[in-house]
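Thanks for sharing this one. Here are some notes to read alongside the structure, as numbered points.

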Amino acid sequence: MHPLNISRPLSFAFVIMFCIIARGQEQKRTQREETPDEVVRITTELVQTNVMVFDNKGRFVDGLKPEQFELRVEDQLIPIAFFERVVAGSATEAAQFAALNQGGLPTAPAESPTGRVSTRGRAVIFFIDDLHLSLDSLSRTRTAISHFIEHEMSANDKAAIASASGQIGFLQQLTDNKAVLRAALARLKYLSYRVQDTEQPTMSEYMALKIEQRDRDAFGYYIERCLHDNPVYTPAKCVEVVKDRARGIIQQASAITANTLTSLENLVRSSGQLTGRKLVMLISDGFYLGALHLYGNVLDKLPQITDEARRHGVVIYTIDARGLISGQADATVNLVDGNGLLDRANLGEIPASQDALHALAGDTGGRALRNSNSITDWVTDTLKETSNYYLLAWRPNQTAQPANKFKRISVKVIGHPELTVRLPRGYLDSIQTSSTNAAVKGSERSSKPDITNKAAPPADADLRSALGATYPQQALSTLLSVTFLDTPQNGMVLTASTQIATQALNYGADGHEAAAVDLAGVILNADGKTAASFRTKLKVNPLPENQAHEEQAGIIYNYRAPLAPGLYQARVAARDERSGRTGSAMQWIEIPALKSQTLSLSSLLTGVQAVGETRKVSEKQEAATQAQFSVSRRFKRASRLGFLVFIYNAGRAASESGAVDLTTQAQVFDAQGRAVIEAPARPLATSGFDDVARIPYAGAIPLQTLSPNQYVLRITVTDRTRNTSVVQEVSFTVE
């Protein structure tokens, strides 16, 4: 730990200067996006898979070499073309997946031992099968996910909460914003799911399935009851009645199960826009697959999901949210069974409901977790278990195969039969080839600027597409930083600052013409409805010759909008008019309700600096100087991290002076949540401020002791008058 250099409280006039954001654009120095490692193009697409190896105590086996692995496809030995030990969430992982997805092999380490940020963060998606979830199971699910959000999620992680029914709506997005995840979790409501008709005696979905499969005990029970309750029916008539009842129940249930599998498939497919491995945790009470042939080709969903998961680096862990299952009959179903027919028919009900969970987990390289009431422990253990793996790739044999042939994959460690190897168990050959070709072509198009006079696609369509994309588009490097401040004139004002890399713009055939950038943005509320929007065109002149190859050139545009308290997402999209290359970015922000009079903080601004006039001026003149905070939040080790935050609703003493009594503390945490810079809490001097409703707190932190990586700056303000505290955080990168 080392002390911070915290400046004295700023005069209010001087602080207001920091909040006057430039309305136009300035040439700014910014960090260029990390360029992917060069790849060697090959003519045959690579099939890739991640492999986890565990000993008999469940510990990951490290240090294995490629020659120790034996890979077989359809029982045919296949040479391994690429092999790497990978840490989930690392920058190495992202670069390796990007290279392989483009049909190539990395030719150099994806990250250097020094000077490169080593942590990218994990991607964890909770897929809640709320179409097959009891009220008790939903409660356990909420508790487990809440624990992850508050205690397990690190600064660099991204998570999403999705549901089979879609009830989470617009909040069903991958994000690092815990407020969004809390709001998404709050939207999970119990859906009463019980498929049965109005006839008596009641018939469960599993009993209907057993009847469809001609189970003698199940069939015998319901035929006996039919004959007893309907004396005029013949045995043949009761057979038809029972069969029709079962078929109707199965059709209802199959439609709901098909919805679950389709939602999961779409989720896995959309995750392919993210590089690196993704962990999907499917939480359900289980469902049945035995009669899905009655509902189209739903059974085909399982190999399709397996293939999509393997190609997009997704491993699925399934959790039976019922916890410990007694196996006793459901107390809500009152059936008289003097002959014990139903007891015998029900013997396989629980295993049958878990078959799909076992198949989805096992076929994607994950595990099916069951028979425990502690879902929280499962989530924790799964995150640890999936943190390390081996990434393998190979070239499939080019032989004629039937369309959509599902090929089985097996991997073992030679000479070590005691080791457990988990991996995706197969892939669809034809889908893999067509998808990879499309990915390669799309990548090549986006990586080569078009400086010809070919007509580009309409700007409106490109911008709309980029704004609506599930994940940010990267053909044109675009960064976004969203903040809020309470202003005396307009109340809460949101500022969306967009930074576009000028080096990537097209300046004409000779490189000396002005570039034009179409820029659009939208502010959406938690329901996905538009709260504000903008559209503009920026003219960008070429940099001078001595800066033409500057790595850190960017243009910044700021949009401000007064907004009511609430949760918002800002989305921006930029398009280079000549090349047609587009980029987009999105960020969530929560604006507090200051009318509640609770202690609150503004956004935490970092890297604030004046732009424009730099000569020494008086304080009144200085208040009119424009300022800009860092959009990229990337800082050199030799620099100092300046920060600024405003304190709202500080309590006043009951005495005549009405003074406020505040302490502040600044801390810096690494990606593992360890404090690497920490100063003791100190009283904040507030004398001399006319407006104690908006108390500024500013300081500067030297960064030379921090290694290149990502960090979190946390500011804690304690109101000793009210005995309450509030925290504001922001992530930043040291280079």
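1. Let me start with the cap on helix H4 in this predicted model. Asn177 caps the N-terminal end of H4, with a side-chain oxygen 2.9 Å from the backbone nitrogen of Ala179. Ala179 is itself one of the buried residues of H4 (residues 178-186), together with Val180, Leu181, Ala184 and Leu185. What do these buried residues pack against? Their partners are helix H3 (135-152), strand S9 (158-163), strand S22 (566-576) and strand S23 (582-591).

2. Ile161 is a good place to look at the H4 packing in detail. Beyond its neighbours within four places in sequence, Ile161 is in contact with Leu181, Ala184 and Leu185, which are among the buried residues of H4. Its other contacts are Phe126, Ile128, Ile145, Ile149, Ile168, Gln172 and Leu188.

3. The nonpolar cores come next. The largest one has 71 residues. Which residues have the most contacts inside this core? They are Val53, Phe69, Phe126, Phe148, Ile161 and Val379. Strand S13 (residues 388-394) gives the most to this core, contributing six residues. Apart from it lies another core, of 38 residues, which includes Val540, Tyr557, Phe646 and Tyr648.

4. Tyr648 leads on to a strand pair worth viewing. Strand S29 (residues 640-648) and S33 run antiparallel and are joined by nine bridges, and Tyr648 stands opposite Arg694 in S33. Is strand S33 (residues 694-702) mostly covered or mostly exposed? Mostly covered: nine of its nine residues are buried. Side chains in a regular strand alternate between the two faces of the sheet. In S33, Arg694, Pro696, Ala698, Ala700 and Pro702 point one way, while Ile695, Tyr697, Gly699 and Ile701 point the other way, and all are buried.

5. Please also look at the small open sheet. Four strands form it in the order S5-S4-S14-S16, with antiparallel pairing. Strand S5 (76-77) and strand S16 (426-428) stand at the edges with a single partner strand each, so one side of each has no neighbour in the sheet. Helix H8 (residues 301-311) packs on the sheet, where it touches strand S14 (406-413) and S16, and its direction makes about 100° with that of S16. At the S5 edge, two bridges join strand S4 (residues 69-73) to S5, and Leu77 in S5 is the bridge partner of Arg72.

6. Helix H13 (residues 459-468) has a clear sidedness. Its buried residues are Ala459, Asp462, Leu463, Ala466 and Leu467. Why do they line one face of the helix? Seen down the axis of H13, the buried residues fall within an arc of 130°, so they line one face. On the other side of H13, Arg464, Ser465 and Gly468 are exposed. The buried residues pack against strand S19 (515-525), strand S20 (530-540), S22 and S23; S22 and S23 also take part in the packing of the buried residues of H4.

7. A few backbone details deserve a second look. Most residues other than glycine have a negative phi, and most peptide bonds are trans. A cis peptide bond joins Gln200 and Pro201, with omega about -5°, and Pro201 lies in the loop between H4 and helix H5 (205-212). Asn649 has a positive phi of about 60° although it is not a glycine, and Asn723 has a positive phi near 55°.

8. The two asparagines make a useful pair to inspect. Asn649 is in the loop between S29 and strand S30 (662-669), and is buried, with a relative accessible area of 13%. Asn723 is in the loop between strand S34 (709-719) and strand S35 (724-734), and is exposed, with a relative accessible area of 70%.

9. Finally, Gln354 in helix H10 (residues 349-363). Is Gln354 buried or exposed? Its relative accessibility is 6%, and buried means under 20%, so Gln354 counts as buried. Not counting residues up to four places away in sequence, Gln354 touches Asp320, Arg322, Ile325 and Arg370. The C-alpha atoms of Gln354 and Ile319 are separated by 9.6 Å, and these two residues are 35 residues apart along the chain.

Key
Residues are numbered from 1 along each chain as its sequence is written. This is a predicted model: local features need pLDDT of at least 70, side-chain atom pairs count only at pLDDT 80 or more; totals for chains, interfaces and linings use all residues. Side-chain values use heavy atoms; hydrogens and water are left out. Buried means under 20% relative accessible area, exposed over 50%, partly exposed in between (1.4 Å probe, protein chains only). Contact means heavy atoms within 4.5 Å. A polar contact is a pair of N or O atoms within 3.5 Å; within protein, one must be able to donate a hydrogen and the other to accept it, and residues adjacent in sequence count only if both atoms are side-chain atoms. Two strands pair if DSSP finds at least two bridges between them. Axes are lines fitted to C-alpha atoms, for helices over the stretch in contact, and angles run from 0 to 180 degrees between N-to-C directions. A nonpolar core is a set of buried Ala, Val, Leu, Ile, Met, Phe, Trp, Tyr and Cys residues joined through side-chain atoms within 4.5 Å. The arc is that of the directions from the helix axis to the C-beta atoms.
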